Amino acid sequence: MDFNDPMLVLNSCIGQIVDFGLDLLWRFIHIIVSLCHIVSGIFEAIESYAISLGLIQRYCSIDIEKLKCLAVVVDIEAAARDVSKVIELLQWLTTIGVKQVGLFDSQGLLKKSKDMILEMVPRSVLLQETGERDISSDRIALEFISSSNNKEAVVKAANILLEKYLKSSHPDKGEEEGENVFTESHLNEALRVVGENVQGPDLLLVYGPVRSHLGFPAWRLRYTEIVHMGSLKYMRYGSLLKAIHKFTGVRQNYGV
Amino acid sequence: MLSLVSIFLTCLALILIPCLFIFRRPSFPLFLKKIIIFINTTASQYNDEEERYGTIGEKGKRGRMPKHVGIILDGNRRWANKRGLRVSEGHEAGARTVLEHAMDCFAMGINTLSLFAFSTENWGRPDGEVNFLMAMFEKNFKSEMAYFDRYKVKISVIGKRTNMPQSLLGLIHEVEEATKNYKEKHLIMALDYSGRFDILQACKSLAEKTKNGLIQVEDINESMIDKELMTSCSEYPNPDLLIRTSGEQRISNFFLWQSAYTELYFSNVLWPDFGEAEYLKALTWYQQRQRRFGRRV
């Protein structure tokens, strides 16, 4: 019994030492990774300024025709505090020649500032107002999206398909009837009926601390390129050009 | 004594950790596995504190491990082309990587690992490649069933299953049945999977339940769709972290509904080369991000 007490104390001490060492080790890994991010961030900032000044030739002309629809995801904090930054971003995109931009924030704060944004961004129109017409080369069509256009919209569309299914279902058809109603094209159509745009953006730029699309309409994201741009507060024109230029060089196999 | 041991461990880390970021395939994997297990022990301490006190401070966020990690296994063909090998050899190398690293993931405290191995769009590939892949899945399920059973890994296969060979379907059923009672580790293989199809089949399932009088139309909402998705087989259906290898920056129809607040990590490394060092980078990167699930801080 006496022999066991010192052994227990020793085991406990060793356990505490090991725990402390592990904590140090884990923090050290975080430091290394943070340093790597800081260094790469510095290089990116330098490159971005060089691109903005037109010093890097390949970014001077971009084939913008490939980019039919661009979407921007904004963190809710930025959407609440930095609407001016959003306007500045849209002005940059107009300069670059982007014709269609979807603006997303999960709470719909940008939707509430829609009128101000349309007023402040020259030659901008609401996407819904353009209808089927091609957007003219000097205009930019804006779409305002929030979480209500994501899962909530799919639920509404699903209800439309459900009603169709219940009306048309026949006891003999069963499973086959379900397959005829629940197809991608039917859900696309149902989403259009509830007023949603089903066009998937070619490129999604995420401005915020998190590399996540924050609830952007899931149905539209199938083949979208997603690029994390960092904080909206520190956005750079050069980084934007670089992201768009990189997208124009991407070749998708679409799984084949 | 305490400070001496701490200094020793720090020196060891100074020597070993940089190697994680230099060597793609470390020549001393045994040390790396031990480091990963050590890190898991530390991280689990933070998780325990969070559960005990119910608060998530900055320290807690730093130490949090993802419960569900999804991986889009991309780059097998390019890996083979770079080495002058056949495409089939690239896929075999990719399969070996899956088997080698699945257990490392669970050792790191990850409960659910989802692997996007074959998409619905992949049926459009050449017949020879598709047939090889189906045969390879069959071979690996057969050979690894005892391994997963021994290590108590629950296996689930999600996807359409309409075009798969009957022999593979039978084997999938057998593996799922044999491992269905395991809870701690869950490996989800997405075969013939499409995110859009997942949403559609959830809607169809709800429609059938409504037709049979099990639910009312007005009851259908987002959480009901959540429960009908194929990932409802998991305790953690929404991935915390989604990794895509080979440098492509898109989710390619994987977990569209489930990935609303998922951290996306795009690695330039091709899947067969994705090793412990890349896992560590992805996990430390995950821990340094803040996730607010759309709420204001």
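**View 1. Strand 1 and strand 2 of chain B pair side by side.**
In this predicted model, B:Val69 has B:Leu113 as its bridge partner in strand 2 of chain B. Helices and strands here are DSSP runs, numbered from the N terminus; a helix (H or I) has at least four residues and a strand (E) at least two. Five bridges link strand 1 and strand 2 of chain B, and the two run parallel. Two strands count as paired if DSSP finds at least two bridges between them. Strand 1 covers residues 68-72, and strand 2 covers residues 112-119. Seven of the eight residues of strand 2 are buried, so the rest of the structure largely encloses this strand. Buried means under 20% relative accessible area, exposed means over 50%, and partly exposed lies in between (1.4 Å probe, protein chains only).

**View 2. Strand 4 of chain B has strand 2 and strand 3 as partners.**
Strand 4 spans residues 185-193, and eight of its nine residues are buried. Seven bridges tie it to strand 2 of chain B, in parallel. Two of the partners in strand 4 are B:Ala190, opposite B:Phe116, and B:Tyr193, opposite B:Ser119. Strand 3 (residues 153-158) of chain B also runs parallel to strand 4, with six bridges. There, B:Ile155 stands opposite B:Leu187.

**View 3. Six strands of chain B form an open sheet.**
The strand order is 3-4-2-1-5-6, with parallel pairing. Which strands stand at the edges? Strand 3 and strand 6 (263-266) do; each has a single partner strand, so one side of each lacks a neighbour in the sheet. From one strand to the next, the twist averages 20 degrees. Axes are lines fitted to C-alpha atoms, for helices over the stretch in contact, and angles run from 0 to 180 degrees between N-to-C directions. Strand 1 also joins strand 5 (residues 241-244) through four bridges, again parallel. In that pair, B:Ile71 is matched with B:Ile243.

**View 4. Helix 6 of chain B lies across three strands.**
Those strands are strand 2, strand 3 and strand 4 of chain B. The helix runs at about 155 degrees to strand 2.

**View 5. The largest nonpolar core has 46 residues.**
A nonpolar core is a set of buried Ala, Val, Leu, Ile, Met, Phe, Trp, Tyr and Cys residues joined through side-chain atoms within 4.5 Å. Among the members that touch the most others are B:Ile71, B:Leu113, B:Phe137 and B:Phe141. Helix 6 (residues 127-150) of chain B gives the largest share, eight residues. A second, separate core of 42 residues includes A:Leu90, A:Leu203, A:Met229 and A:Ala243. In soluble globular proteins, nonpolar side chains tend to be buried together. Look next at B:Phe141. Beyond four places in sequence, its contacts (heavy atoms within 4.5 Å) include B:Ile155, B:Val157, B:Leu168 and B:Leu191.

**View 6. A:Arg211 is a buried residue that touches chain B.**
Where does A:Arg211 sit? Its place is the loop between strand 5 (203-207) and strand 6 (225-230) of chain A. Its relative accessible area is 15%, so it counts as buried. Leaving out residues up to four places away in sequence, A:Arg211 touches A:His228 and residues of chain B, including B:Gln249, B:Glu263, B:Phe266 and B:Trp285.

**View 7. Two cysteines of chain B stand without a disulfide.**
A disulfide is a pair of cysteine sulfur atoms within 2.5 Å. A search of the whole structure finds zero of them over all chains. For B:Cys203, the nearest cysteine sulfur is that of B:Cys233, 18 Å away. The sulfur of B:Cys233 is 17 Å from its closest cysteine sulfur, in B:Cys105, which is too far for a bond. Buried or partly exposed? B:Cys203 is buried, at 4% relative accessibility, while B:Cys233 is partly exposed, at 29%.

**View 8. Confidence varies along chain B.**
The predictor's confidence in each residue is its pLDDT, from 0 to 100. Chain B has a mean pLDDT of 83, and 76% of its residues reach 70 or more. Over residues 23-30, pLDDT stays under 50. The stretch 45-62 also stays under 50. The model scores ipTM 0.84 and pTM 0.83.

**Notes.** Residues are numbered from 1 along each chain as its sequence is written, and chains are lettered from A and ligands numbered from 1 in the order in which they are written. Local features need pLDDT of at least 70, side-chain atom pairs count only at pLDDT 80 or more, and totals for chains, interfaces and linings use all residues, while side-chain values use heavy atoms, leaving out hydrogens and water.
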